[in-house]
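This report looks at a pocket and its lining, then at aromatic contacts. Keep the sequence and the model open while reading.

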Amino acid sequence: MEYTKNGLKITLEELRRILEYAENRAQYGNMESCLYISGGEKPTIKQYCCYAECAPINHTYLAK
């Protein structure tokens with residue numbers, strides 16, 4: 001996954017892994033069952049907790 005002039009470039013395999021992990025966290029980790037995609041110069045894909053006490057998961061933290 002990397003940032004390009006066209007936006008966030010992510011392979012289908014990487015996207016599948018993100019979705020599988022997000023589904024697992026939603027089922028077993030008190031995370032929401034949806035993802036939030038923010039735009040801008042460095043787009044992010046985040047998953048928020050159902051409760052206020054935990055931090056969101058940034059699924060794009062390894063993007064270069």
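By class, six nonpolar residues, two polar residues and two charged residues line the largest pocket. The model is a predicted one. The pocket's volume is about 220 Å³.

The lining consists of Met1, Glu14, Arg17, Ile18, Tyr21, Ile57, Asn58, His59, Tyr61 and Leu62. Two elements give two or more residues to this lining: helix H1 (12–28) and strand E5 (57–58). H1 gives the most, with four residues. The two charged residues are Glu14 and Arg17, because Glu and Arg count as charged. Asn58 and His59 are the two polar ones, because neither Asn nor His is in the nonpolar or charged group.

Now the aromatic contacts. How many aromatic pairs does a search of the whole structure find? The search finds one. Tyr36 and Tyr48 form this pair, with 5.2 Å centre to centre and 80° between the planes. The pair counts as edge-to-face because its planes are over 60 degrees apart.

The pair links distant parts of the chain, 12 residues apart. Tyr36 sits in strand E3 (residues 36–38). Tyr48 lies in the loop between strand E4 (44–47) and E5.

Are the two partners buried or exposed? The table gives their values.

| Residue | Relative accessible area | Class |
|---|---|---|
| Tyr36 | 40% | partly exposed |
| Tyr48 | 33% | partly exposed |

Tyr36 is partly exposed because its 40% falls between the 20% and 50% limits. Tyr48, at 33%, counts as partly exposed too.

How values were computed
Residues are numbered from 1 along each chain as its sequence is written. This is a predicted model: local features need pLDDT of at least 70, side-chain atom pairs count only at pLDDT 80 or more; totals for chains, interfaces and linings use all residues. Side-chain values use heavy atoms; hydrogens and water are left out. On a 1 Å grid over the protein atoms alone, a cavity is a set of points where a 1.4 Å probe fits but cannot get out, and a pocket is an open set with protein on both sides within 12 Å along at least five of seven lines; lining residues have an atom within 4 Å of a point. Grid points are joined across faces, edges and corners, and a volume is the space filled by probe spheres set on the points. Rings of Phe, Tyr and Trp (its six-membered ring) pair if their centres lie within 6.5 Å; planes under 30 degrees apart count as stacked, over 60 as edge-to-face and the rest as tilted. Buried means under 20% relative accessible area, exposed over 50%, partly exposed in between (1.4 Å probe, protein chains only).
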